[in-house]
Amino acid sequence: MKTRYLIIGIVLTIAAEFGIAQSKTNIDSFSWLVGTWEMKVKNGALYESWLMLKDGSLQSKGFKVKSNGDTIPLESVQIAHKNDSYYYTSTVSDQNNRQPVPFKMTSVKKNEFIAENPVHDFPQRISYALQMDGSLYAFIDGKEKGQYKKSEFMYQRVTPNGSPNQLATMRLFDAFNKHDWKTFSECYAIDADFLDPSYGKEYVKQTHQQLIDKYSGFQKAIPDINDEVVGIYEDGEKIIVEFISSGTLPDGKKWKLPICSVLTYKDGKIIRDATYFDDEK
């Protein structure tokens, strides 16, 4: 997860007196943001996960993962072109009645930008800049109740692409392979639905304790049970995962089973798990 890449965008020409030269800017100019960024904080870590969308915009989901594994949504951001300008539009979960707040890009340079909204209460300015060492420095500043205030953030790239749900899925499989069944179970909502040949042909609900008991039983029968992820695909709130489950059976034989799971997320937790495999082999 600690692989770091740099995706360098197109060099921009800046109009000295007017900030951003929009005619020479396109959305690829912000492609250096694409990926998932992490900043360690007390009791967890902050993340921003940026994706390039087919509609010609960038989208980010900001969230916090607490030390106990809980995921807290924080902010959604879109970078898009509108009315001959680029805008950084932020929607914060507990501010402005969840209404989007636009910040107009006033300066764009290679691997950095500044966006401003002078009439917003706080912040009035937002800045991002990719550093020489590959880290991402960001700050927000402005006046709040007449006093100047500034908050700074230093992120490290943790994956070249990914979303909160993709990261949550990797945490799920990491917990599985560590046989940490408590953490594994807590990746699911408490009322999650499961469709799995081992349960029958209908969706069933499983409590966290039922999941712990089920997979503890698997571990007892196959002590080296392991899931190797071979593909992760995202479609809205769904994550499709291809993986191979393997291990050593009680009779000493090696066992492998290709599996596909469709995981539906809500607020960072899996609310539906539809798993498919050939249970006749």
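**Two cores and the elements around them**

Threonine 264 touches Glu237, Lys238, Lys269, Ile270, Ile271 and Arg272 when residues up to four places away in sequence are not counted. The model in which these contacts appear is a predicted one. Threonine 264 is part of strand E17, which runs over residues 254–266, and because its relative accessibility is 12%, below the 20% limit for a buried residue, threonine 264 counts as buried.

From this single position we can turn to the nonpolar cores. In soluble globular proteins, nonpolar side chains tend to be buried together. The largest nonpolar core here comprises 25 residues, and those with the most contacts inside it are Ile79, Tyr88, Phe113 and Tyr128. At least two residues of this core are supplied by each of the strands E3 (35–41), E4 (44–52), E6 (71–82), E7 (85–92), E8 (101–109), E9 (112–116), E10 (125–130) and E11 (136–144). The largest share, four residues, comes from E8. The surroundings of isoleucine 79 give a local view: leaving aside its neighbours within four places in sequence, isoleucine 79 is in contact with Ile27, Phe30, Leu33, Trp50, Ser57, Leu58, Tyr86, Tyr87, Tyr88, Met105 and Phe113.

A second, separate core has 24 residues, and Ala168, Tyr215, Val241 and Tyr265 are among them. Two of these names lead on to helices, since Ala168 is one of the buried residues of H1 and Tyr215 is one of those of H3.

Helix H1 has 14 residues, which at 1.5 Å a residue should span 20 Å, and its end C-alpha atoms are indeed 20 Å apart, in agreement with that expectation. Ten of these 14 residues are buried, so H1 is largely enclosed by the rest of the structure; the buried residues are Pro164, Asn165, Gln166, Leu167, Ala168, Thr169, Leu172, Phe173, Ala175 and Phe176. Following H1 comes histidine 179, which has a positive phi, near 60°.

Helix H3, formed by residues 208–221, also has its length close to expectation, with 14 residues reaching 20 Å from the first C-alpha to the last. Its buried residues are Leu211, Ile212, Lys214 and Tyr215. They lie on the same side of H3, because the arc that they cover around the axis is only 165°. As for what they meet there, the buried residues of H3 pack against helix H1 (164–177), helix H2 (181–185) and strand E13 (188–195), which brings the account back to H1, the helix largely enclosed by the rest of the structure.

Conventions:
Residues are numbered from 1 along each chain as its sequence is written. This is a predicted model: local features need pLDDT of at least 70, side-chain atom pairs count only at pLDDT 80 or more; totals for chains, interfaces and linings use all residues. Side-chain values use heavy atoms; hydrogens and water are left out. The expected span of a helix is 1.5 Å times one less than its number of residues. Buried means under 20% relative accessible area, exposed over 50%, partly exposed in between (1.4 Å probe, protein chains only). The arc is that of the directions from the helix axis to the C-beta atoms. Contact means heavy atoms within 4.5 Å. A nonpolar core is a set of buried Ala, Val, Leu, Ile, Met, Phe, Trp, Tyr and Cys residues joined through side-chain atoms within 4.5 Å.
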